[in-house]
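Reader: I have a model open and would like to go through parts of it by question and answer. Where should we begin?

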Amino acid sequence: MKKRIISLMTTATILGATLTGCGSATTSDFTISKDLVYTEELGYSVGDTLAEANKYVGENNPISSVTFFADPTSVEYNGRLYVYGTNDSEQYEAGTGNDENTYGSIGSLVCYSTDDMVNWTYECTIEVTEIATWAGCSWAPSIVSRETSNGKTEFFLYFANGGSGIGVLKSDSPTGPWEDPIGEALISPTTGALADDPVYWCFDPGVVIDDDGVGWLAFGGGSAMHDDEDGMYTGNCRIVKLGSDMVSLDSEITKVNAVYHFEANELNYINGTYVLTYCSNYEDRYKWDSYDSDEEAPTTCSMVYMTSTDPLDPDSWVYGGEYLSNPSKYGFSFSNNHSHLQKFGDTYYILYQTVMLLDNMSSSASGYRSIGVDVIEVNEETVTISPATMTREGVSQLKDLDAFDVNQAETAVTTAGITYYTSEDRTFITNISDGDWSAVSSVDFGNGVNAFAATVRGKGIIEIRLDSTDGEVVGSVQFETGSDFETIVCNLDKTVSGTHDLYFVFGGSFVFDEWQFAYIKAE
């Protein structure tokens, strides 16, 4: 088949032949590719039955409808929020699909990003145990960034090697490539004071850099191990000052008297105060009356916090209270608990895990977790955290997505049937079958668009629908590309303006990399 290859100079002529101008629309060219292939009628269709989504349309949680991931952490960079989590999908795919998550097959982390808090872009899967070859597992990440003297930004990603140590990866980008800077665990069960006073689980790192540029790492978890410890004072929460290189230790490992401490450590630094968050344990609270606090005892498997201005002083840590209960309190299935506090813009958000996605699937499997996000109130002056909630609705979208930008196909609020894949040079939607689809929330078409382009590989069709899966079809591209990616362009059936939810509905068998709309003025 001979394809019609068009340049940007001839795009206007081809599209203008069937379109009339929109008086208030602003002319724009495609920037997605230098070479555009015009769509042809090839007989592809999307079929009458559409795939069912595992994340309901109109609900913004969980973050992903495709990936099980958990133990959230995040970092802001260049106006985007990057969220990382334990790749539960790796364990799910290694199992039977109806088994229990045992975590033993998880050696990678997953990263998603957003700049509007509703549309999330799958960025990559970080193959931790292929990078840090000494490690056998990769759980519960914690990330931090800092700017160096030459203006470069460095990222340090800490992870748990199961329950037996903590490693660190380093990169100049939030999405890698990552390197193992020390070639071994940063903390193991025999590091420093741990040799004589071990923690039950040497895992779940939480990292922060304070205003003086000093890094701190909290870790540990599990049950009491010594005669002078109990369910209230498990003795398993530790903190250490990091060296200036962020990949060495610069103090003794110190015990934090964290009440009912169990796991899920994270650190924040707010108004000169260190904030430790963690998940409480399952022990009875009968000793709480002996603790000097105006707060109530934390409920079982809830997220709580402590504060200090002198983190290496065990007696300086003050219990702040429970800020997020177990998911079961909010109408979700009971599950373990892990959260991360993140300020993005002027708003604090709480990232957390539930088994919401698994429940949506009505699966007989158990323990495969997904990450959600809601707003949380933090008083920076008093460094107090108000109780938050977990919801299906999630948070409000901060801004519309720009239809005139080159957008990644793996940016979505909800998808059905597809998965994501990263090759050496691209990340894209794959496993497409007839009736699969992807939705993008609140797309701004400005004063008008009349043309669409998609970079694809394979054979099929993409229908463009507005506002719902069965909404108005305003255009489509059909293609047969062979083994290389091509950018296929079409005119729309009408000029589309304003803000709409955007749905791509698929037919055929192909992969989808990126897309862009434009307004091409007739010549």
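Author: Begin with a term: helices and strands here are DSSP runs, a strand having at least two residues, and they are numbered from the N terminus. The model is a predicted one.

Reader: Between which strands is the place of Asp210?

Author: Strand E10 covers 206-209 and strand E11 covers 215-219. Asp210 sits in the loop that lies between E10 and E11.

Reader: Which side chain of opposite charge is nearest to Asp210, and how far away is it?

Author: Asp210 is buried and has no salt bridge. A salt bridge requires a Lys or Arg side-chain nitrogen within 4 Å of a carboxyl oxygen, so a larger separation does not count. The nearest side chain of opposite charge belongs to Lys241, at 7.8 Å.

Reader: Which backbone nitrogen does the side chain of Asp210 reach?

Author: Asp210 touches Trp216, Tyr269 and Tyr274, with residues up to four places away in sequence not counted. Its side chain also reaches a backbone nitrogen at 2.9 Å, that of Asp212.

Reader: Which residue in E11 stands opposite Val208?

Author: E10 and E11 run antiparallel and are joined by four bridges. Within this pair, the residue of E11 opposite Val208 is Trp216.

Reader: Which are the edge strands of the open sheet that has the order E10-E11-E12-E13?

Author: The four strands of this open sheet pair in antiparallel fashion. An edge strand here pairs on one side only, and that applies to E10 and E13 (254-255).

Reader: How many residues of strand E6 are buried?

Author: Strand E6 spans residues 120-126 and is mostly covered. Of its seven residues, the number buried is five.

Reader: Which residue in the turn between E5 and E6 has a positive phi?

Author: Strand E5 (residues 109-114) runs antiparallel to E6, with five bridges joining them, and Val110 stands opposite Thr125. The two strands form a hairpin with five residues between them. The turn residue with a positive phi, about 75°, is Met117.

Reader: Which residue of E25 stands opposite Trp120?

Author: E6 is also joined to strand E25 (residues 411-412) by two bridges, and these strands run antiparallel. Opposite Trp120 in E25 is Ala412.

Reader: How many residues are in the largest nonpolar core, and how many in the second?

Author: In the largest core, Phe452, Ile462, Leu502, Phe512 and Phe517 touch the most other members. Contacts of Ile462 beyond four places in sequence include Val477, Phe504 and Phe512. A second, separate core includes Cys301, Leu324, Leu341 and Met390. The largest core has 48 residues, and the second has 22.

Definitions and conventions. Residues numbered from 1 in each chain as written. Predicted model: local features only at pLDDT ≥ 70, side-chain atom pairs only at ≥ 80, totals over all residues. Heavy atoms only, no water. Buried < 20%, exposed > 50% of the residue type's maximum accessible area, 1.4 Å probe, protein only. Pairing = 2+ DSSP bridges. Lys, Arg positive; Asp, Glu negative; His and termini not counted. Polar contact = N/O pair within 3.5 Å; in protein donor to acceptor, adjacent residues only side chain to side chain. Contact = heavy atoms within 4.5 Å. Core = buried A, V, L, I, M, F, W, Y, C linked by side-chain atoms within 4.5 Å.
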